[in-house]
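I opened this model to go through its loops, its strands and the ligand shell. My notes follow in the order in which I looked things up.

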Amino acid sequence: EKKGINEIRQAFLEFFESKNHLVRPSFSLIPKDDNSLLLINSGMAPLKPFFAGTQVPPKKRMATSQKCIRTGDIENVGKTARHATFFEMLGNFSFGDYFKKEAIRWSWEFSLDHLKLPPERIWASIYEEDDEAFHLWRQEVGLPEERIVRLGKEDNFWEIGLGPCGPCSELYFDRGEKYGCGDAACKPGCECDRYVEYWNLVFTQFNKDEAGNYTPLPNPNIDTGMGLERVACMLQEVDSIFEIDGMRVILDNICERSGVAYGENHQHDISIRIITDHIRSITFMISDGILPSNEGRGYVLRRLLRRAARHGKLLGLNQAFLYLLMDQVVEKFHSGYPELMEKQEMIRKVILVEEDRFQETIHQGSEMLSAYIETMKSKGQQVLSGSQAFRLYDTFGFPLDLTKEILEEAGMTVDEPAFKAEMEQQKTRARNARSEAGAVGWKEDPLTILTAVPQTNFVGYDSLAVSATV
Ligand code: ATP
Ligand code: MG
Ligand code: MG
Ligand code: MG
């Protein structure tokens, strides 16, 4: 009788509906009229016009469950228990209506009465100067002082450039010592997986002007975000978000296809978790009309897909498999997201074409590497040059560790510092190109992913053009 993700999502929306919120389905992952953002990365992102006051909201209180993509978290995915590139953010919003007191009180009420979390394991963080929030946690909720942590601007103050901004208060759940780093000073805010931040309450109460002044807003806003997968992980008492209902089936399917067991080898586990995550991102992105390409959102999609395919290779999956794994995502999530079912055949085709193309580039790369190896042998050389390794990577999407692995079999190595220098140069080139094209990031850095995408001679989706109308 542990709550599944569909139940948690529904309970959240019903709770805020009972508090007079207008419940709206998730917005698309593609931002509308907002070129400051590549992909929707929070519940508030599609609601920005209501916060900024450029549009009038249909109601002053709203609640959503929003599909989010955070490529900025990609390095963490598979390594921490709590980061995904795709996740659902449950949020309640006030556009100049209720404020801190209600936001805090309701977050507590929902955590206890509906999520049934043991109160003694909940902690709150506040912005160090936000005494109002401190008193609310103490008096309204009765949270003991020892479980209220003051954090600095870096963690608990939300602002992007100029305009509306304000302090945050986060709710943390103590998953217990076994998930801790062992440090005696470990508390909420620590990078380890013991205290999981599950809900962030943002109190948008200031306006920051060019002179750096923070002026109180006449009608402050509330913007909250709760990670559905993290809550499910806590309630279902599993080790990571990849083992919750809806994710575990995907994970098991990967194990079944590859014949690799979960929980036996650290590197394999990382690969399994990465694929489990990326296939959700890929499926949802395509269902929202994004197609693989060499720029922008399509680039992110291509990168995620190739990364998943490459981790498949590390598990011994050498044939296309992601297009089959996709069915699991559709099956588990279509009740919340009907567009998945409607677009299933199209999604399958897009993934398969891209996977096949990747297999082909990998094949071409292998041939080129074999040729390099032959030449090196004939010259009595042992170390592949950085520029050659980079060429394999850049032209054929050939990852460095694969290059190394193949070289190793021939008793050879690669000049890694030179390879990294080439990578850096390419990053700088891409960064310059992007800054000319204008900013794309907001709160995270899509550059980290965009610049790491291998270049290919992409010829287009001719074969899909007829059926892939989105
Ligand atoms: P963290 O510090 O753990 O990286 P965050 O402070 O960056 O999280 P917020 O921007 O406050 O996260 O987002 C609101 C909520 O969304 C978080 O409290 C968390 O529950 C969830 N969330 C954020 N990033 C992720 C992610 N990459 N995967 C899954 N859930 C996430
Ligand atoms: Mg984060
Ligand atoms: Mg945080
Ligand atoms: Mg946060």
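I began with N20, in the loop between α1 (5-18) and β1 (22-24). Helices here are DSSP runs of H or I with at least four residues, strands are runs of E with at least two, and both are numbered from the N terminus. This is a predicted model, in which local features need pLDDT of at least 70, side-chain atom pairs count only at pLDDT 80 or more, and totals for chains, interfaces and linings use all residues. Residues are numbered from 1 along each chain as its sequence is written, while chains are lettered from A and ligands numbered from 1 in the order in which they are written.

N20 is not a glycine, yet I read a positive phi of about 65°. Most residues other than glycine have a negative phi. Is N20 buried or exposed? It is exposed, because 12 other C-beta atoms lie within 10 Å. The scale I used: buried means 20 or more other C-beta atoms within 10 Å of the residue's own, exposed means 12 or fewer, and partly exposed is in between, with C-beta atoms placed from the backbone.

**Entry: E237 and α6**

I looked for E237 next and found it in the loop between α6 and α7 (248-258). E237 comes just after α6. Its phi is near 50°, positive in a residue other than glycine. E237 counts as exposed, because it has 10 C-beta neighbours inside 10 Å.

I then turned to α6 (228-235). Seven of its eight residues are buried, so the rest of the structure largely encloses the helix. The buried ones are L228, E229, R230, V231, A232, C233 and M234. What do they pack against? I listed α1, β2 (61-69), β3, β7, β8 and β9. A contact means that two C-beta atoms, placed from the backbone, lie within 7 Å.

**Entry: ligand 1**

I counted 16 residues around ligand 1. A residue is near the ligand if its C-beta atom, placed from the backbone, lies within 6 Å of it. D73, F87, N200, G225 and G227 come nearest. Which elements give two or more residues to this shell? They are β3 (86-94), β8 (195-208), β9 (214-227) and α6. The largest share, four residues, comes from β8.

I sorted the shell by type: six nonpolar, four polar and six charged. Nonpolar covers Ala, Val, Leu, Ile, Met, Phe, Trp, Tyr, Cys and Pro; charged covers Asp, Glu, Lys and Arg; the others, Gly among them, are polar.

**Entry: strand β4**

I checked β4 (residues 122-127) for burial. Six of six residues are buried, so the strand is largely enclosed by the rest of the structure. Both faces are covered. I122, A124 and I126 are buried on one side, and W123, S125 and Y127 on the other.

Which strands does β4 pair with? β7 (residues 163-174) pairs with β4 in the antiparallel sense, over five bridges. β5 (residues 148-151) runs parallel to β4 and is joined to it by four bridges. Pairing requires at least two DSSP bridges between the strands. I traced I126 in both directions. Its bridge partner in β7 is S169, and it stands opposite R150 in β5.

β4, helix α4 (residues 131-141) and β5 make a right-handed β-α-β unit. Right-handed means that, with the strands pointing away from the viewer, the path from the first strand over the helix to the second runs clockwise.

**Entry: W137**

I picked W137 in helix α4. W137 counts as buried, because it has 25 C-beta neighbours inside 10 Å. Leaving out residues up to four places away in sequence, W137 touches I104, A124, I126, L143 and I148. I also took the distance between the C-alpha atoms of W137 and K101: 9.0 Å, for residues 36 apart along the chain.

**Entry: α13**

In α13 (residues 386-396), Q388, A389, F390, L392, Y393 and F396 are buried. G397, just after α13, takes a positive phi of about 65°.

**Entry: the whole protein**

I ended with the totals. The protein has 16 helices and eleven strands. Buried residues make up 42% of its 470 residues. Among contacts between residues at least 6 apart in sequence, 70% join residues at least 24 apart. The C-alpha trace spans about 80 × 45 × 45 Å along its principal axes. The radius of gyration is 24 Å, which agrees with the value near 23 Å for a compact globule of 470 residues. That radius is taken over C-alpha atoms, and the globule rule is 2.2 Å times the number of residues to the power 0.38.
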